[in-house]
Amino acid sequence: MKDKLQNALLLISSKVESNKYLGSIKEAFTMFVPFIIVGSFGSMLNILVSGANGLAQWFPWLTHLSPAFTTISFVSINCMSLPIAYLIGYKLAAKEKVPQLESGLIGLLAYLAVCPNTISTVVEGIKDPVVVSGLGSSVIGAQGLFVSMIMSILAVKLFKVLTSVEALKIKMPDSVPTGIARSFNILIPIFIIMTVFSVAGCLFNTFTGNYLNVWIYNIIQLPLQALANTTPGILVLALVNQIFWFLGIHGGMVIEGIRGPLSAAGLADNIAKVQAGGVATNILTRGFWTSFVVVGGGGITLSLLIAIFLFSKRDDHREIAKFSLIPGICGINEPVIFGLPMVLNPIFAIPFIINSAIAALIAIVATNIGFISCGVLDCPPGLPVFITGFISYGFHGIIVQAIILAVTFVIWIPFVLLANKQAEVQTEE
């Protein structure tokens, strides 16, 4: 049974890792994570300098900085669909062996081609809505995230097909500079792609009364976001992450193609609701994951290190725990995962796999009872425990982290004692 399960999970991991589309999405979101974090800090700074409870009540001149911090959040989080479309096209192009920069632009423009390029607004004193050229929040923001990913992938695939047709290439004389010759070489494929996507978007709107980005948001993205913010949805992600780590496979990288878009969209939606005077409602954000699900490392191995210091009689485990402690405090647990090891270790398998799900459940309960609110700020990975909780959730976040570490510490204790007995048996033999 164990061998069958291991082989099945290894096969799934191999399929995910070798899938160029999921790989491109994962790499695109990995590249964009720093910008999401900076954008969430911009939102925090905006709240800090404005409003009745902000610093502006003592330093009124700080309100003049509010537009600057709003801009930081806007260009990174409120516009995330645009750079994600470009980055996916860019990353997929490397796998498809077509020009990367051009593919990134093609992915971005193909997405925009199927979206509305006008904004309808009501102006006081004018009876009919005024229509002006521009891109609405449903196009540039998180609402367009999934369709931007899909359109970018489809456009690059079509680009690869068209550029392989020699008849579609405009050949320039050798005397023409390389850059100009290259541009003319792909001119017809780009024209075909833009025409196909623009006409498809127009026809879709004509026959359905909706633009494609709105339709996909309602049919795909909204249900997935809703599922990801349920307790079962988050627990499944946490369990899958740890099962792959148990096999020695980076679980975070395996699930990033799913977790990345959903957590980014959840954060953007939370920020938009708070800025509009509402309440954040999406539990799953990258800040939630970093602060609670993998606090002290996936499987909450920081608690294991403490349990080893207090209860382990094994010199090998205690030595590994010593040089794993400082990285573990910062959420880096590879030393203990591969040093103890945790990989394929039947003694520690159960707590290692379930502890992140237990941590997520504790944080979800804390959110549901109102002890902490849904996150509007992502913290950078690699910061020490408690600092991550404070940045994303304030002092209440620190308390939730302490509860998680205490509960998982208790869970680890019997397995550390079991490891002691295992060592005694091995010594007797």
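**The largest pocket and the salt bridges**

I will begin with the largest pocket, where helix α12 gives the most to the lining, with four residues. Please keep in mind throughout that what we are looking at is a predicted model. The pocket itself has a volume of about 640 Å³, and of the 31 residues that line it, the closest to its centre are His250, Thr290, Val294, Gly331 and Pro381. If you want to follow the lining along the chain, the elements that give two or more residues to it are α2 (20-49), α11 (231-246), α12 (251-275), α13 (286-293) and α18 (387-428). What is the lining made of, by class? It has 13 nonpolar and 14 polar residues, together with four charged ones.

Let me turn now to the salt bridges, of which the structure holds eight, and I will take you through three of them.

One of these joins the side chains of glutamate 27 and lysine 95, with a distance of 3.0 Å from N to O. Glutamate 27 sits in helix α2 and lysine 95 in helix α4 (residues 81-96), so that this pair, 68 residues apart, links distant parts of the chain. Both partners are partly exposed, glutamate 27 with a relative accessible area of 28% and lysine 95 with one of 30%.

Another salt bridge brings together the side chains of glutamate 96 and lysine 157, at 3.2 Å from N to O. Because glutamate 96 lies in helix α4 and lysine 157 in helix α7 (residues 145-163), the pair ties together parts that are 61 residues apart in sequence. Are the two partners buried or exposed? Glutamate 96 counts as buried, because its relative accessibility is 3% and the cut-off for buried is under 20%, whereas lysine 157, with a relative accessible area of 26%, is partly exposed. I would add that glutamate 96 and lysine 157 also belong to a network of salt bridges, in which they are linked with Lys20 and Lys160.

The third example is the salt bridge that aspartate 316 forms with arginine 314, where the closest N and O atoms are 3.1 Å apart. Here aspartate 316 is partly exposed, with a relative accessible area of 38%, while arginine 314 is buried, with a relative accessible area of 12%.

To return to the picture as a whole, helix α2 is worth finding on the screen, since residues from it help to line the largest pocket and glutamate 27, which pairs with lysine 95, is in that helix.

How values were computed: Residues numbered from 1 in each chain as written. Predicted model: local features only at pLDDT ≥ 70, side-chain atom pairs only at ≥ 80, totals over all residues. Heavy atoms only, no water. 1 Å grid on protein atoms, 1.4 Å probe; cavity = no way out; pocket = protein on both sides within 12 Å on 5 of 7 lines; lining within 4 Å. Points joined across faces, edges and corners; volume = space filled by probe spheres on them. Nonpolar A, V, L, I, M, F, W, Y, C, P; charged D, E, K, R; others polar. Salt bridge = Lys/Arg side-chain N within 4 Å of Asp/Glu carboxyl O. Buried < 20%, exposed > 50% of the residue type's maximum accessible area, 1.4 Å probe, protein only.
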